[in-house]
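Me: Could you walk me through how to read a few features of a structure like this one? I'd like to go step by step.

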Amino acid sequence: MTPPLIRVVKQVQRKSLQCPVLNWFSTDNSALRKGPDCKEESKWLCGSSQEILSAVRGQVKVKQNFISEEEESAIFKEVEPGLRKKRYEFDHWDDAIHGYRETERLQWGVMCESILRRVRVAAFPEGSPLLGPIHVLDLDKEGYIKPHIDSVKFCGSTIAGLSLLSDSIMRLVPENNSTDWVDLLLSRRSLYILRDDARFKFTHEILKDEDSFFSGHKIPRHRRISVICRNLPV
Ligand code: OGA
Ligand code: MN
């Protein structure tokens, strides 16, 4: 098996952040002036300043309800038997991920393959070569992902992930400035896409349940499975 990408990520340690919350919609009606896209974005994007939101604009996207409940169960049924054989890993202090088990999958059933085709079309530039196996990550309710940047050696410009079973918060922080931040609300059955600077110059993390808030609203974190597609470096 290829080395898991999560073990070759770069980890960044920092203290937790408490900052004002902004989104496109909440500040001086700017969302209304900026049009319907901003209003839609405010449902899943907020951050510590307008500047930081501008910096990631066009490089982060969350498509809510990208898959149906039926499609979510189809994926779950396909990955659960393999995951169930493994134990959640909790105690490796140097892991980027706490409370997880994972697998990779190359071959998928018909319904899952068609979902993944939709993910590829939505997320990746046409013709961009993809990393063959799809990464499936199962986070326990107590699990979380620490700030890290995915391996630049093994993965390319774009990371796209489906979220199953639970809502969660993905936080992005500029690698060189740990006071600014951007939060993405990854709702259950959504697809997120990170590309370019948002993927290379920002760390990303999945918050633990106790820190899981979006625009001040509690977002309970249950067990969560993500299905992550990546492209190859050019
Ligand atoms: C990773 C990662 C995010 C997710 O495995 O490198 O950042 O959605 N996962 O699970
Ligand atoms: Mn990652």
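Reply: Happy to; we'll go through a metal site, a strand, a helix and one residue. Keep in mind that this is a predicted model.

Me: Let's begin with the metal. Which residues coordinate the manganese ion (ligand 2), and with which atoms?

Reply: Look for the donor atoms around the ion. Here they are NE2 of His148, OD of Asp150 and NE2 of His204, at 2.0 to 2.1 Å. Water is not among the atoms, so the site may look incomplete.

Me: What spacing do the donors of the manganese ion (ligand 2) follow along the chain?

Reply: The spacing is H-x1-D-x53-H.

Me: Are His148 and Asp150 buried or exposed?

Reply: The cut-off for buried is under 20% relative accessible area. His148 has 5%, so His148 is buried. Asp150, with 2%, is therefore buried as well.

Me: On to strand S8. Why is S8 described as largely enclosed by the rest of the structure?

Reply: Count the buried residues. In S8 (residues 182-186), five of the five are buried, so the strand is largely enclosed. Then check the two faces: Val182, Leu184 and Leu186 point one way, while Asp183 and Leu185 point the other way, and all are buried.

Me: Which strands are joined to S8 by bridges?

Reply: Strand S2 (residues 45-47) runs antiparallel to S8, with three bridges joining them. Strand S7 (residues 168-174) is also antiparallel to S8, joined by five bridges. Leu184 is a handy residue to find on screen: Leu45 stands opposite Leu184, and Met170 has Leu184 as its bridge partner.

Me: Now a helix. How does the span of H4 agree with what its residues should give?

Reply: An α-helix has 3.6 residues a turn, so residues three or four places apart point the same way. For the span, use 1.5 Å a residue: the 16 residues of H4 (residues 69-84) should cover 22 Å, and the end C-alpha atoms are 21 Å apart, which agrees. H4 does bend by about 30° at Glu78, with Pro81 following within four residues.

Me: Which residues of H4 are buried, and what covers them?

Reply: The buried ones are Glu71, Glu72, Ile75, Glu78, Val79, Glu80 and Leu83. Their cover includes helix H5 (110-123) and strand S5 (134-149).

Me: Last one: where is Leu191 found?

Reply: Leu191 is in strand S9 (residues 191-195). Its relative accessibility is 0%, so Leu191 counts as buried. Its contacts beyond four places in sequence include Lys63, Phe66, Val119 and Leu162. Lys63 is 128 residues away along the chain, yet the C-alpha atoms of Leu191 and Lys63 are separated by 5.1 Å.

Notes:
Residues are numbered from 1 along each chain as its sequence is written. Chains are lettered from A and ligands numbered from 1 in the order in which they are written. This is a predicted model: local features need pLDDT of at least 70, side-chain atom pairs count only at pLDDT 80 or more; totals for chains, interfaces and linings use all residues. Side-chain values use heavy atoms; hydrogens and water are left out. Donors are N, O and S atoms within 2.8 Å of the metal (3.2 Å for Na, K and Ca); water is not among the atoms, so sites may look incomplete. Buried means under 20% relative accessible area, exposed over 50%, partly exposed in between (1.4 Å probe, protein chains only). Two strands pair if DSSP finds at least two bridges between them. The expected span of a helix is 1.5 Å times one less than its number of residues. The bend at a residue is the angle between axes fitted to the seven residues ending there and the seven starting there. Contact means heavy atoms within 4.5 Å.
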